[in-house]
Amino acid sequence: MSSEARLYTFSQESRDQLRKFRLTTSRATGPQAVIYFIDKKTFEIRQDDDKVVYKSLDEIADDLPDNQPRYILLSYPLTLPSGRLSVPYVMLYYLPNTCNAEARMMYAGAKELMRNTSEVGKVIDIESAEELEEIPGKLGAES
């Protein structure tokens, strides 16, 4: 096990939230997302607001901090060019240019642990809230 995996942790409650979110979003008819952060004192990765499930990319953009990284778990139902319905489950790795080096290192160190624990299919790196508008295209939605 890498040292990063021992440094960063998930409480059992956070693990249960991750699992529940992943299982319930697979049948969602609209976008759903939750935001996670790393507690600087305990190095625990946990949901930013336990009660909030975002229903649109605009809602997520409104709540992202300007100078702190975040992990965003997103389930985004879409119609593929073939006409088939798909519900990709991805992690958005939000790393704004304005965040400090310490925060960059902390989130980079926990990125793979977050990816593996949340069981996402893909990670998409973004640097600004405006880049959320491009997510449907990156997931293969019809234009």
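## A strand core, a pocket and a loop proline

In the hairpin formed by E1 and E2, Phe43 adopts a positive phi near 60°. Six residues lie between the two strands of this hairpin. The model is a predicted one.

**Strand E1 and its partners**

Start with E1, which spans residues 32–38. Seven of its seven residues are buried, so E1 is largely enclosed by the rest of the structure. In a regular strand, side chains alternate between the two faces of the sheet. Gln32, Val34, Tyr36 and Ile38 point one way from E1. Ala33, Ile35 and Phe37 point the other way. All of these residues are buried.

E1 pairs with E2 and with E3. Three bridges join E1 to E2, and the two run antiparallel. Five bridges join E1 to E3, also in an antiparallel arrangement.

E3 covers residues 70–75. Six of its six residues are buried, so this strand is mostly covered. Arg70, Ile72 and Leu74 sit on one side of E3. Tyr71, Leu73 and Ser75 sit on the other. Both faces are covered.

E3 also pairs with E6, in the antiparallel sense, over six bridges. The table gives bridge partners from these strand pairs.

| Residue | Partner | Strand of the partner |
|---|---|---|
| Ile38 | Ile45 | E2 |
| Gln32 | Ser75 | E3 |
| Ala33 | Leu74 | E3 |
| Ser75 | Tyr89 | E6 |

Ser75 links two of these pairings. Ser75 of E3 stands opposite Gln32, and its bridge partner in E6 is Tyr89.

**The largest pocket**

Rolling a probe the size of a water molecule over the atoms shows where empty space is left. The largest pocket holds about 160 Å³ of space. Which elements give two or more residues to its lining? They are helix H2 (12–25) and strand E1 (32–38). H2 provides the largest share, four residues.

The lining consists of Gln17, Lys20, Phe21, Thr24, Gln32, Val34, Tyr36, Gln47, Asp50 and Val53. By character, these residues divide into four nonpolar, four polar and two charged. Gln32, Val34 and Tyr36 of E1 point one way from the strand, and these three are among the lining residues.

**Gln47, a lining residue**

Gln47 lies in strand E2, residues 45–47. Is Gln47 buried or exposed? Its relative accessibility is 7%, so Gln47 counts as buried. The cut-off for buried is under 20%.

Beyond its neighbours within four places in sequence, Gln47 is in contact with Gln17, Val34, Ile35, Tyr36, Phe37 and Val52. Among these, Gln17, Val34 and Tyr36 also line the largest pocket. A polar atom of the Gln47 side chain lies 3.4 Å from the backbone oxygen of Val52.

**Pro88, in a loop**

Where does Pro88 lie? Pro88 is in the loop between strand E5 (85–86) and strand E6 (89–94). At 16% relative accessibility, Pro88 counts as buried, because the cut-off is under 20%.

Outside its neighbours within four places in sequence, Pro88 is in contact with Leu74, Ser75, Tyr76, Leu78 and Leu139. Two of these contacts lead back to E3, where Leu74 and Ser75 are both buried. Leu74 is the bridge partner of Ala33.

Val53 is one of the residues lining the largest pocket. How far apart are Pro88 and Val53, and what is their separation in sequence? They are 16 Å apart in space, C-alpha to C-alpha, and 35 residues apart in sequence.

Notes:
Residues numbered from 1 in each chain as written. Predicted model: local features only at pLDDT ≥ 70, side-chain atom pairs only at ≥ 80, totals over all residues. Heavy atoms only, no water. Buried < 20%, exposed > 50% of the residue type's maximum accessible area, 1.4 Å probe, protein only. Contact = heavy atoms within 4.5 Å. 1 Å grid on protein atoms, 1.4 Å probe; cavity = no way out; pocket = protein on both sides within 12 Å on 5 of 7 lines; lining within 4 Å. Points joined across faces, edges and corners; volume = space filled by probe spheres on them. Nonpolar A, V, L, I, M, F, W, Y, C, P; charged D, E, K, R; others polar. Polar contact = N/O pair within 3.5 Å; in protein donor to acceptor, adjacent residues only side chain to side chain. Pairing = 2+ DSSP bridges.
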